[in-house]
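Visitor: Please take one part of this model and go over it closely. Then set that part against the rest of the chain.

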Amino acid sequence: MAQRQTRQKDAIREALRENDEFISAQDLHRWLEERGMHIGLATVYRQLNALADAGLADTIRLDGQQLFRLCGDDGHHHHLVCVKCGRTVEIEPPSESWLRGIASAHGFTVESHTLEVFGLCPDCR
């Protein structure tokens, strides 16, 4: 089923393209308002969640908030995220054999995985 293209959806995608770091729905809403794009906060949430559900945006949880980001790489990847400024770097995933070995050592099997690494970037240290 084809999704309908709307002015709001286009504005939200463009805003995500212009913000390289992960951003909350509230901060994205504020960013859009400051640029004269009046889109309701509920619409921002709905569009961000639709992008994430479609696999077009990555999400992480940081300090109790869900953050969103468009990623340029369609392949499986993970992130280094600065907990102070939000700077984000895409990193290669760990090897599948390492993941299976860790899971096996604890009696688990791997169904899926997510891995985000949080710390301080060089500028924030």
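Guide: The buried residues of helix α1 are K9, A11, I12, R13, A15 and L16. Buried here means under 20% relative accessible area, exposed means over 50%, and partly exposed is what lies in between (1.4 Å probe, protein chains only). Helices (H or I, at least four residues) and strands (E, at least two) are DSSP runs, numbered from the N terminus. This is a predicted model, in which local features need pLDDT of at least 70 and side-chain atom pairs count only at pLDDT 80 or more, while totals for chains, interfaces and linings use all residues. Residues are numbered from 1 along each chain as its sequence is written, and side-chain values use heavy atoms, with hydrogens and water left out.

Helix α1 covers residues 7–18, which makes 12 residues. The expected span of a helix is 1.5 Å times one less than its number of residues. For α1 that gives 16 Å, and the end C-alpha atoms are 17 Å apart, so the two values agree.

The cover over the buried residues of α1 includes β1 (23–24), α2, α3 (41–53) and β3 (65–69). Contact means heavy atoms within 4.5 Å. Two residues show how α1 meets its neighbouring helices.

From α3 comes Q47. Q47 touches K9 and I12, not counting residues up to four places away in sequence. Both K9 and I12 are among the buried residues of α1. Q47 is itself buried, because its relative accessible area is 13%.

From α2 comes W31. W31 touches A15, E18 and N19, again not counting residues up to four places away in sequence. A15 is one of the buried residues of α1. The C-alpha atoms of W31 and A15 are 8.0 Å apart, with the two positions 16 residues apart in sequence numbering. W31 counts as buried, since its relative accessibility is 13%.

pLDDT is the predictor's confidence in each residue, from 0 to 100. Among the elements of the chain, helix α2 (residues 25–34) has the highest mean pLDDT, 95, and strand β5 (residues 88–91) the lowest, 84. For the protein chain the mean is 86, and 93% of the residues reach 70 or more.

Now for the rest of the chain. Its secondary structure comes to four helices and six strands, in the order α-β-α-α-β-β-β-β-α-β along the sequence. Strand β3, part of the cover of α1, is preceded by a loop that starts after β2 (58–62) and holds D63. D63 has a positive phi of about 50° although it is not a glycine. Most residues other than glycine have a negative phi, and most peptide bonds are trans. D63 is exposed, because its relative accessible area is 70%.

Further along, P94 sits in the loop between β5 and α4. P94 counts as buried, because its relative accessibility is 19%. Leaving aside neighbours within four places in sequence, P94 is in contact with H78, L99 and L115. P94 and F22 are 72 residues apart along the chain, and their C-alpha atoms are separated by 21 Å.

Helix α4 (residues 96–105) contains R100. R100 is partly exposed, because its relative accessible area is 47%. From R100 to E111 the C-alpha distance is 9.9 Å, for 11 residues along the sequence.

In the segment after β6 (116–119) lies C121. C121 is buried, because its relative accessible area is 8%. Apart from neighbours within four places in sequence, C121 is in contact with C82, C85 and R87. C121 and K84 are 37 residues apart in sequence, with C-alpha atoms 8.2 Å apart in space.

Some totals complete the setting. Of the 125 residues of the chain, 34% count as buried. Among contacts with a separation of 6 or more, 47% join residues 24 or more positions apart. The C-alpha trace spans about 55 × 45 × 25 Å along its principal axes. The accessible surface comes to about 8,300 Å², of which 49% belongs to carbon and sulfur atoms. Such areas come from the Shrake-Rupley method with a 1.4 Å probe, and for residues only the protein chains shown count as cover.
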